[in-house]
4 protein chains.
Amino acid sequence: MNINVQSSTSFGLNPGDELNDLRMSDSARPLLDHVRKFITETVEPMQVEYYKLAAGHRDRWTFAPGQLEVLEVAKNKAKAEGLWNFFLPDAETGDGLNNLDYAYIAAELGKAPLASETMNCSAPDTGNMEVLERVGTPEQKEKWLKPLLNGEIRSAYVMTEPGVASSDAKNVATRAELVGDEWVINGEKYYISGAGDPRCKIMIVMVKTSPDAPASKQQSQILVPMDTPGVEILGPMHVFGHDHAPRGHMHMKFTNVRVPKENILLGEGRGFEISQVRLGPGRIHHCMRTIGKAERALDLMVERGMSREAFGRKLAHLGGNLEHISRARIEIEAMRLMVLKAAKAMDVLGNREARVWVSMVKAMVPEKTCKIIDQAIQIHGATGISQWTPLAEMYTDVRHLRFADGPDEVHHMVVGRNEVNNR
Amino acid sequence: MNINVQSSTSFGLNPGDELNDLRMSDSARPLLDHVRKFITETVEPMQVEYYKLAAGHRDRWTFAPGQLEVLEVAKNKAKAEGLWNFFLPDAETGDGLNNLDYAYIAAELGKAPLASETMNCSAPDTGNMEVLERVGTPEQKEKWLKPLLNGEIRSAYVMTEPGVASSDAKNVATRAELVGDEWVINGEKYYISGAGDPRCKIMIVMVKTSPDAPASKQQSQILVPMDTPGVEILGPMHVFGHDHAPRGHMHMKFTNVRVPKENILLGEGRGFEISQVRLGPGRIHHCMRTIGKAERALDLMVERGMSREAFGRKLAHLGGNLEHISRARIEIEAMRLMVLKAAKAMDVLGNREARVWVSMVKAMVPEKTCKIIDQAIQIHGATGISQWTPLAEMYTDVRHLRFADGPDEVHHMVVGRNEVNNR
Amino acid sequence: MNINVQSSTSFGLNPGDELNDLRMSDSARPLLDHVRKFITETVEPMQVEYYKLAAGHRDRWTFAPGQLEVLEVAKNKAKAEGLWNFFLPDAETGDGLNNLDYAYIAAELGKAPLASETMNCSAPDTGNMEVLERVGTPEQKEKWLKPLLNGEIRSAYVMTEPGVASSDAKNVATRAELVGDEWVINGEKYYISGAGDPRCKIMIVMVKTSPDAPASKQQSQILVPMDTPGVEILGPMHVFGHDHAPRGHMHMKFTNVRVPKENILLGEGRGFEISQVRLGPGRIHHCMRTIGKAERALDLMVERGMSREAFGRKLAHLGGNLEHISRARIEIEAMRLMVLKAAKAMDVLGNREARVWVSMVKAMVPEKTCKIIDQAIQIHGATGISQWTPLAEMYTDVRHLRFADGPDEVHHMVVGRNEVNNR
Amino acid sequence: MNINVQSSTSFGLNPGDELNDLRMSDSARPLLDHVRKFITETVEPMQVEYYKLAAGHRDRWTFAPGQLEVLEVAKNKAKAEGLWNFFLPDAETGDGLNNLDYAYIAAELGKAPLASETMNCSAPDTGNMEVLERVGTPEQKEKWLKPLLNGEIRSAYVMTEPGVASSDAKNVATRAELVGDEWVINGEKYYISGAGDPRCKIMIVMVKTSPDAPASKQQSQILVPMDTPGVEILGPMHVFGHDHAPRGHMHMKFTNVRVPKENILLGEGRGFEISQVRLGPGRIHHCMRTIGKAERALDLMVERGMSREAFGRKLAHLGGNLEHISRARIEIEAMRLMVLKAAKAMDVLGNREARVWVSMVKAMVPEKTCKIIDQAIQIHGATGISQWTPLAEMYTDVRHLRFADGPDEVHHMVVGRNEVNNR
């Protein structure tokens, strides 16, 4: 892991530097307003219908009749209004949202579950499109990027393995061997989000191609169509008992899966290099959405605290509750500033130089948000873990984030090493 | 709340006192060995069959054909071997297990989900039987205690309400009014564990009978048969998304439910008094089972830590993991000693005098155990929240305990007030 | 306490707002560079001589011969270079540093103990001058502000009382009664920083003048010359055993102290109003200096961690140390952004509207910094609490800050109330 | 480090075992009562006089005239009453206090600063006497143990070094080389408690004798009289600014210090073996005294909380204070039970087998006590860090304990390794 990137002395020591300007740009502001309006006027009403259809549907592992249709109507509306693929800078001109501006918009997207998908800005498709856009061949772009950009298909990113500590990416054990003109892939993967979705047609799979190369050159990323023989979904993995049907977090097996030699991305042994492309912005996006959840939890904590009484006082004024509320507010503001600064660092320094910032916020935000949600739960009593508030589901989602895209411990290792190596 | 009971100077300051002898009694030891043997030889094989039947059953809100039958076989075997109702001291002689001995046995019962029920020692029946035994009339005992003691029926305890902060028991809003010779009950309750079980025939319901009496004399507890007209189950409450079918934690409504005047327990306005009977031992039992879960989580943490490697070292030796393991061990031993001392305090001082000890362990054990399980989850990565380990379910169960039988905050209030009032 | 000032919805929700621009202004940059250069070239060499003189001096409660002279030389140099009183905007034009720019400079001032005093920017004189400048009469300004601005005398701020919880300012018990044309003051105060300094000539004293007025109108602030009969220094208060001679934190008694009626500031009953003037900027200044200490502690932690070995590894790579280092870095960056944002809020919204931000950082920074210093101590072993590192003194100073200018709890109360009242 | 001693399954799993009987023995009870009476009637009045003499004395690094005399009077009284050396079992019969009984008495000794010394039970003499008693030659006993047992001289234990991480004892760098019939010692040590006391006549010094032996056989312990040429006290080390004159924690240098060959204890390369003798009981003693401080801090917290008001309520009932009080009580009881169990484990299992228990309490007690004292400080405001309460000094003492006799981290390593190695 090469993290000898950023001297600790760069942290905040150039007071006039652009890095410290965390304002959204004027040019992006109309888009933010448009997105907000679109969510309120189009996405939210559509969601009501979408979930109503789902609720009446028996077979949890398919979409209900009509469900995808109402979504498509909204997607077409988004496309027509230009609210489409804005996560991705223009391929030729480079024009588009910078990370800071996108962070502000991501906070809005995080407020409605279907907002991102409606505007074709949802994970893991965003990361997959970004990778294809940057390193794909013209043929790969034609075949997979185009329908993804059109919102016609969806995709999966296939990284984590059940059998090894894949927090150390060097442990990846799924093998791809070149036999003639084909890669032959064997291995087991799990927590593959969205692989249960019938619209999911293509996967980017992290594999070990070159076991004898230096540690950071052994891995590659390969495009594997879902319908390739030998690709098998063993079943859904649960998140605290939920299976998130019908998209699911799938447990998958690859048995002698054969794809053409050309399906490799960028080239053999360049798997890690590609990871650098995708990880920064996706994590920022996750973090902003998580802060949105922390805000929601604080809202609920205050609301409950002011509407219930016990022992003669409102709950908010009982015991340490008001201090918990204060601490939640302080941590939320601190997290928001940190994520904005990390986004700005990516814009100003580039993803590579900014990676310590990204690790800082990835290690900080889900852990602190879990604590805030947990306290919101506590003030609700049993209602806090029931289906009557979103708190229990928010908790399990954010708890999941403490491993997804690298566990907290690995991000602390990145930040810690940067400190000790740069003196 | 009268907690001016125990001077803080009594805490551990009489070094030779019996309170400090935390040994199980010799006389109870054979029972412990018998229970252990019975769990291994009878309960565990039965559980395998029981859960296999459940797994193949479609209608989640009924038991599978044959499921209750295999349980009955084991119950009869327990009864025949004298492993039955041992939670309850003999009504006439007072002979039976003391709380300390029962605590050691409870730790064993906690290791197999069906062990308690097989030996007729499962909540909330135990508390309900204890109450009926102590304050029931001969008629109440004949009608409800007898079949409960025989394991023929089950019961529910109906306390918590969705509409108020019922951590302050004075807030109970469900009304019972005496109309002629009948109590007429109206109100809403939730998280009524076991009320979905078809064998559940009787409830003890906490109600407000005397709104004009002093605050601690307004409540009563009334026996209500499940099949009384006006009793309605609105649906199951979830615990982090689980509904725990078929027994469930039910949301219930009482509409003009009429029961005979004699169904009141002990008398009008004595609801709080009855609560004192039931709460001590049940909480000790919960705490010992929870410590069993903390032990299990630590086992899994160590096992995972020693079987996986990352960055060239076993996970257990990576970063702060070994310190987390040490801290878990220290907290587990401290919790165990505290619960044993609380049990001993109940034996030596009586439930009333020991209530500060009970509050201390109720505030301490679930919170610390949640942290231990959470760290065990973290070292497992995504597997920790999946269906492949018991950790996720253990977490949600123990998290629930931080409200059940009084939220942590109320127990800290009891302990804190005892400190400030006894000087 | 009127804190119904700022809607929670203002927190970060206007992404393009100037509030989010945390850059130092271009115009202030030359001053920052000048201050840095002056500290290195003038203050630091002077400090060496100053402390050498102190070390050889027996009478701890006086300055050593020559000590004040070397300081005066440096002060005159600062004045000549224009590095003087820059904490204070121009009385007529309002020109001067804004809070954000001053925050960046305060971080520099915090690095050398005598830097602030050399440039006449040291507490509590800064707050006192600010108050006199804004609310003083022409006579008061002539008599006290002028020599303070010239650095000829020093001053004290006399607020905290030993006999009451003065975190609730309404508890102030020191009485001032108008007798004829004079205020007659009686009471006891403590932790009066700098009152032992022979150059300290004037105090601003918080007193109760109007016990029958509404709670927030009972207090006044009065100018009391040090040499007024009845003013008595009872002795120095310690901070973890240190007396900070010769300036000290004094325990004082006021017995029938008489000052002219005109010595009241702004008017009777306006004591709280004056407090609003002084508290914001001072706290920001404290916080920036504290972050400087956190940085220094992290430096020492890393340095020690990389220069010592145990059990075959560098300390930094042993156990959880690297994670502690990472967490320290993350918290430091978060604190810095928060303090800068609070400073900016004062510039953009005004002190009154920004007070929730000030309370947020005052509650956040000293507590988190104490933890960071404590971990730096731990990695040093016994050396960490010895005279061989600055860590022990840094710890006690920052621990002190958790009460000074309002204890953490009161600031959390301000933040918490703002949350619950603004919905 | 051989810690493969105790299977984790032994933790609390034999419910009837003597290990769980934490009662003081009946036979030791009269001694406890006698010690209590002696402290009240003799030690405490003597202390008043002792400290009064010290207060009037200018030369901090000598005792005041008469100071040692009043102490001697009390010592003689203790000797006459048989309250003398009771920390040490009878050399021939083995009769004496077991660790559990001594733990209860240590709690009493901890309440008065001079109680231990008056009864000749003070560190580091106790450990040194224990070592001499067990491994000393007849000549060593005659020359040094006898006057120590008589209370005629005092001693020092010389272990920690400033130049290395001596938490890993293998790092000890002070060299002793055999030249002819003499050991020649060169090196630097620090934090040598009591070495400034004019009565301190003998040191036990940890040295490296055999750099080529296996790691655990390189160290030896050697007796060095204070007046040996080449022994030099460089000055006192501070503990948060205190020098603890006149006994001090000394920084020492050994330059070609020559002692006879026979001064080695037990034999060359057996330094670690001797450490096992001394460390268990001393740590238990420290822990019990520390719990006494936690109790005292809680007392002060409650007292302050009930005697001051702010914002219309007693401080104890404001914000989270009552919960802090509750948590302090819970942790104190848990710590006490753990220390008693560790003492019992030493009695039942022997020091070697019980060492995991000793590490558990050494890692647990000072850290948790620091937090309790810190909260007591916070509720006092500035008075909490002043000379008006014992809290500041208690804090610095207990903070020091987190390194003394092994830092927390090393004890967690012992506990953690025991967990992972015993499965």
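Copies are superposed by least squares on the C-alpha atoms of residues with pLDDT of at least 70 in both. That is the basis of the first view. The model shown in every view is predicted.

**View 1. Chain D is laid on chain A by a turn of 180°.** The shift along the axis is 0.0 Å. The RMSD of this fit is 0.1 Å. Such a relation is that of a two-fold axis. The same surface serves both copies, as 100% of the contact residues of chain D recur in chain A. Which residue of chain D comes closest to the rotation axis? D:Gly320 does, with its C-alpha at 1.9 Å.

**View 2. Chain A and chain C meet through 41 residues from each chain.** Five helices of chain A each supply at least two residues to the side that touches chain C. They are helix 1 (29-55), helix 7 (271-307), helix 8 (321-349), helix 9 (355-380) and helix 11 (408-421). Helix 8 of chain A gives the largest share, 13 residues. By class, the side of chain A that touches chain C has 21 nonpolar residues. Another 13 are charged, and seven are polar.

**View 3. A:Val339 sits in the largest nonpolar core.** This core holds 524 residues. Which of them touch the most other members? A:Val339, B:Val339, C:Val339 and D:Val339 do. Leaving aside residues up to four places away in sequence, A:Val339 touches A:Ala103, A:Ile284, A:Cys287 and A:Met288. A:Ile291, A:Val361 and A:Val365 are also among its contacts.

**View 4. Helix 3 of chain B is largely enclosed by the rest of the structure.** This helix spans residues 99-109. Why is helix 3 of chain B described as largely enclosed? Because 10 of its 11 residues are buried. A residue counts as buried if 20 or more other C-beta atoms lie within 10 Å of its own. The buried residues start with B:Asn99, B:Leu100, B:Asp101, B:Tyr102 and B:Ala103. B:Tyr104, B:Ile105, B:Ala106, B:Ala107 and B:Leu109 complete the list.

**View 5. Domain 2 of chain A touches domain 3 of chain A.** The domain assignment of chain A gives domain 1 (18-149), domain 2 (154-265) and domain 3 (272-421). The C-alpha centres of domains 2 and 3 of chain A lie 29 Å apart. Their contact takes nine residues from domain 2 and seven residues from domain 3. On the domain 2 side, four residues are nonpolar and five are polar. No charged residues occur on that side.

Definitions and conventions: Residues numbered from 1 in each chain as written. Chains lettered and ligands numbered in written order. Predicted model: local features only at pLDDT ≥ 70, side-chain atom pairs only at ≥ 80, totals over all residues. Core = buried A, V, L, I, M, F, W, Y, C linked by C-beta atoms within 7 Å. Buried ≥ 20, exposed ≤ 12 C-beta atoms within 10 Å, placed from the backbone. Contact = placed C-beta atoms within 7 Å. Helix = DSSP H or I, 4+ residues; strand = E, 2+ residues; numbered from the N terminus. Domains from an automatic or database assignment. Nonpolar A, V, L, I, M, F, W, Y, C, P; charged D, E, K, R; others polar.
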